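Here are my notes on the model you sent over. Have it open while you read.

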Amino acid sequence: MMADWQAVAVPTGARVMTRGVVFVHSCPRAITAQVEWVLSEVFETRIQLEWTEQPVLAGCYRAELSWTGPAGSAARIISDLHAWGRLRLEVTQEPTSTTEGERFAATPSLGIHRATIGAHGDIMVSEERIRAAMNRAQLSGRALELELDELLGRPWDLELEPFRYAGENNTVRWLHHVG
């Protein structure tokens, strides 16, 4: 029997698997195929999304994908998709025994935001990041509240919120809908 404090050993070369969700909130029609291609490359299988019109932004479409794959897939997805520069999206990854949960958000105007997610879906901010925010606020004269908002991803949430509500019957399909 293993003691509570002992770490779980992962064999060398073993892939730690996790799951998550990709929410493409707005994507120009012209690059929907490229989004599917990127996801197919990440998951090494053909991915075909069900695209629906994004009523908030004419000419754009939305889609979502629940995924299972190697830990680290969320970072690869957000990095590869953000490179197209015209997407608004969020990618989540659940924690495993050896990795933290993550939530990424990306917009054309703000870039990428990464947050560590706790077991109950809360954003977890490390002590060092809080100290750095306090130092930046003090040195720049910027309000600490604004620095903390940025750590929590508030500017990304404000920009993405109208796109989240564009589902059927104006209901939110939120980040914790992993099956």
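The points below go from the overall fold to a few local spots.

1. Bear in mind that this is a predicted model. The protein has seven strands and five helices. Reading from the N terminus, the order is β-α-β-β-α-β-β-β-β-α-α-α, so you can follow the elements along the chain with the strand and helix definitions in mind.

2. On burial and surface: of the 179 residues in the protein, 40% are buried. The protein exposes about 10600 Å², and carbon and sulfur atoms supply 53% of that.

3. On contacts along the sequence: take those between residues at least 6 apart, and 58% of them join residues at least 24 apart.

4. Now to helix α4, which covers residues 144-152. Which residues of α4 are buried? They are Glu147, Asp149 and Leu151, so have a look at two acidic names in that list, given that buried here means under 20% relative accessible area.

5. What do the buried residues of α4 pack against? Their partners are strand β6 (111-117) and the helices α3 (127-140) and α5 (154-164). After α4 comes Gly153, with a positive phi near 85 degrees.

6. There is also a nonpolar patch on the surface, of about 300 Å². Ile130, Met134, Leu144 and Leu148 make it up. Helices α3 and α4 each supply at least two of the patch residues, so when you display the patch, show both helices, with their limits taken as DSSP runs.

7. Met134 deserves its own line. This patch member lies in helix α3. Is Met134 exposed, partly exposed or buried? Met134 counts as partly exposed because its relative accessibility is 46%, and that class lies between the cut-offs of 20% and 50%.

8. Last, Thr96, which sits in the loop between β4 (88-93) and β5 (101-107). Its side chain reaches the backbone nitrogen of Thr98 at 3.1 Å. The side chains of Thr96 and Thr99 are joined by a polar contact of 2.7 Å.

9. What does Thr96 touch once residues up to four places away in sequence are not counted? Thr96 touches Val16, Met17 and Thr18. For a figure of this loop, I'd show Thr96 with Thr98, Thr99 and those three residues, Val16, Met17 and Thr18.

Notes: Residues are numbered from 1 along each chain as its sequence is written. This is a predicted model: local features need pLDDT of at least 70, side-chain atom pairs count only at pLDDT 80 or more; totals for chains, interfaces and linings use all residues. Side-chain values use heavy atoms; hydrogens and water are left out. Helices (H or I, at least four residues) and strands (E, at least two) are DSSP runs, numbered from the N terminus. Buried means under 20% relative accessible area, exposed over 50%, partly exposed in between (1.4 Å probe, protein chains only). Contact means heavy atoms within 4.5 Å. Accessible areas come from the Shrake-Rupley method with a 1.4 Å probe; for residues, only the protein chains shown count as cover. Patches are made of residues with over 30% relative accessible area and no salt bridge: like charges are joined within 9 Å, nonpolar side chains (Val, Leu, Ile, Met, Phe, Trp, Tyr) within 5 Å. A salt bridge is a side-chain nitrogen of Lys or Arg within 4 Å of a carboxyl oxygen of Asp or Glu. A polar contact is a pair of N or O atoms within 3.5 Å; within protein, one must be able to donate a hydrogen and the other to accept it, and residues adjacent in sequence count only if both atoms are side-chain atoms.
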